[in-house]
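Colleague: Please give me a close look at the empty space inside this one, and then follow the thread outward from there.

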Amino acid sequence: MTLIHTANELAAGNRKVCLAIGFFDGVHLGHQQIIRQTITDARKHGALALVITFDHHPNTIVAPTRTPPLIYSLPQKLRTIDSLGPEATLVIRFDQAFSQKTGEAFIRELAGAWSGIQSICVGANFHFGYKRSGNVELLKKLGNELKFSVHGMAAVSLDGEPVSSTRIREAIRSGDLDAASQMLGRAYSIAGPVIEGDKLGRKLGFPTANLDAAGLALPPSGVYAIHAIVSGKTHRAVLNIGTRPTLGEPNPPLRVEAHLLDFNGELYGQELEIVFAEKLRDEKKFPSVDELKAQIARDIERAKSLF
């Protein structure tokens with residue numbers, strides 16, 4: 001998949017372009033339907049399949065207090081989109097200037113960048129552009145003028161309810177990771193760079209990789225058996241999400257720390273993807289650090305028995 005940041009970077013030649021447009025957080029079953037329809041259209045008409053998404057959630061600019069935690073980091077989202085098979089993805093920088101652009105101006109700019117648009121596929125309730133001025137109705141109006149077809153895809157339902165990023169975030173927060181995985185169409189995971197911590201895990205005999213999970217939706221605090229993926233290799237691991245209450249730190253930050261069971265080496269700066277397997281226990285305060293160490297050892301043995 002070709003990754004571009006402006007429409008003019010796409011060398012479409014004389015081919016028309018089929019577009020899937022959306023923020024696509026989580027790239028869940030509904031998003032997959034939109035992208036696959038776009039790929040189908042492109043193959044049918046000899047066009048190029050292009051996914052258009054944004055580097056930040058629009059609310060970070062237009063409604064900062066209502067910005068939701070994200071299911072996926074941007075690199076994780078782009079990898080998942082790539083796995084579906086579009087020829088290119090356009091990642092637009094969503095900034096103040098872009099937020100002022102009307103939906104109609106946005107589509108006309110895209111149409112002018114290539115030989116033409118063959119089709120546009122979005123969710124039925126998708127809104128875009130300044131003051132949410134763009135929707136399926138506007139797309140169909142422009143499609144009649146500019147000669148492209150429009151798919152406003154109905155939501156995919158699971159257990160009688162529509163699949164949505166909001167519903168997935170609620171499942172994650174409540175700890176229903178099986179439901180989140182079903183709606184995502186793959187095992188639920190989070191990903192981010194490994195950052196430097198206070199190296200306390202190393203002092204306890206269990207070195208950990210600290211994941212930068214800022215801005216991500218996270219499951220409830222606790223200890224989890226996980227698969228940790230780094231540089232394309234999967235390692236058995238134990239993950240702690242929480243504030244380490246046994247240590248009695250004043251105003252402790254929420255930490256996401258993974259202890260890889262079969263890995264030696266430095267991970268700082270590398271991306272770590274965490275695939276959740278099973279929750280082992282809730283986070284709790286132990287009477288002493290020695291008792292905490294003993295429990296961590298038991299957690300590791302239990303995790304080993306699961307893989």
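**From the cavity outward**

Modeller: The largest cavity has a volume of about 370 Å³, and the count comes to one cavity of 30 Å³ or more. A cavity here is a set of points on a 1 Å grid over the protein atoms alone where a 1.4 Å probe fits but cannot get out, and lining residues have an atom within 4 Å of a point; a volume is the space filled by probe spheres set on points joined across faces, edges and corners. Please keep in mind that this is a predicted model, where local features need pLDDT of at least 70, side-chain atom pairs count only at pLDDT 80 or more, and totals for chains, interfaces and linings use all residues. Residues are numbered from 1 along each chain as its sequence is written, and side-chain values use heavy atoms, without hydrogens or water.

The lining of the largest cavity has 23 residues, and Asn240, Arg244, Glu257, Leu292 and Ile296 are the closest to its centre. By class, this lining holds 12 nonpolar, five polar (any residue outside the other two classes, Gly among them) and six charged residues (Asp, Glu, Lys and Arg); nonpolar covers Ala, Val, Leu, Ile, Met, Phe, Trp, Tyr, Cys and Pro. Helix 10 (289-306) gives the most, with four residues. Helix 9 (200-204), strand 12 (233-242) and strand 13 (255-260) each supply at least two. Helices (H or I, at least four residues) and strands (E, at least two) are DSSP runs numbered from the N terminus.

Strand 12 is a good place to step away from the cavity. The loop between strand 11 (222-230) and strand 12 holds Ser231, whose phi is near 55 degrees, a positive value in a residue other than glycine. Most residues other than glycine have a negative phi. Ser231 counts as exposed because its relative accessible area is 61% (over 50% is exposed, under 20% buried, in between partly exposed; 1.4 Å probe, protein chains only). A similar case to look up is Lys147, in the loop between helix 6 (136-146) and strand 6 (149-153). Its phi is near 65 degrees, again a positive value in a residue other than glycine, and Lys147 is exposed at 61% relative accessibility.

Back in strand 11, we find Val230, which is buried at 4% relative accessible area. Leaving aside neighbours within four places in sequence, Val230 is in contact (heavy atoms within 4.5 Å) with His235, Leu267, Gln270, Glu271 and Leu272. Its C-alpha atom is separated by 9.1 Å from that of Ile274, 44 residues away along the chain.

Strand 11 also helps to cover the buried residues of helix 8, as do helix 1 (29-45), strand 7 (157-158), helix 7 (165-174) and strand 14 (271-281). Helix 8 (residues 177-184) is mostly covered, with six of its eight residues buried: Leu177, Ala179, Ala180, Ser181, Met183 and Leu184. Just after helix 8, Gly185 takes a positive phi of about 80 degrees.

Helix 1 leads us to the largest pocket, which has a volume of about 1,300 Å³. Unlike a cavity, a pocket is an open set, with protein on both sides within 12 Å along at least five of seven lines. Its lining has 44 residues, and Phe23, Asn125, Phe126, His127 and Arg132 lie nearest its centre. Helix 1 gives the largest share, four residues, while helix 2 (59-62), helix 4, strand 5 (117-123) and helix 7 are among the elements that give two or more. This lining divides into 23 nonpolar, 15 polar and six charged residues.

In helix 4 (residues 96-99), have a look at Ser99. Ser99 is buried at 7% relative accessible area, and beyond four places in sequence it touches Ile61, Val62, Phe94 and Tyr130.

Finally, strand 4 (residues 88-92) is largely enclosed by the rest of the structure, because five of its five residues are buried. In a regular strand the side chains alternate between the two faces of the sheet. On one side of strand 4, Ala88, Leu90 and Ile92 are buried, and on the other, Thr89 and Val91. Strand 1 (residues 2-4) runs parallel to strand 4 and joins it through three bridges (pairing needs at least two DSSP bridges), with Ile4 opposite Leu90. Strand 3 (residues 48-54) also pairs with strand 4 in the parallel sense, over five bridges, and there Thr53 stands opposite Val91.
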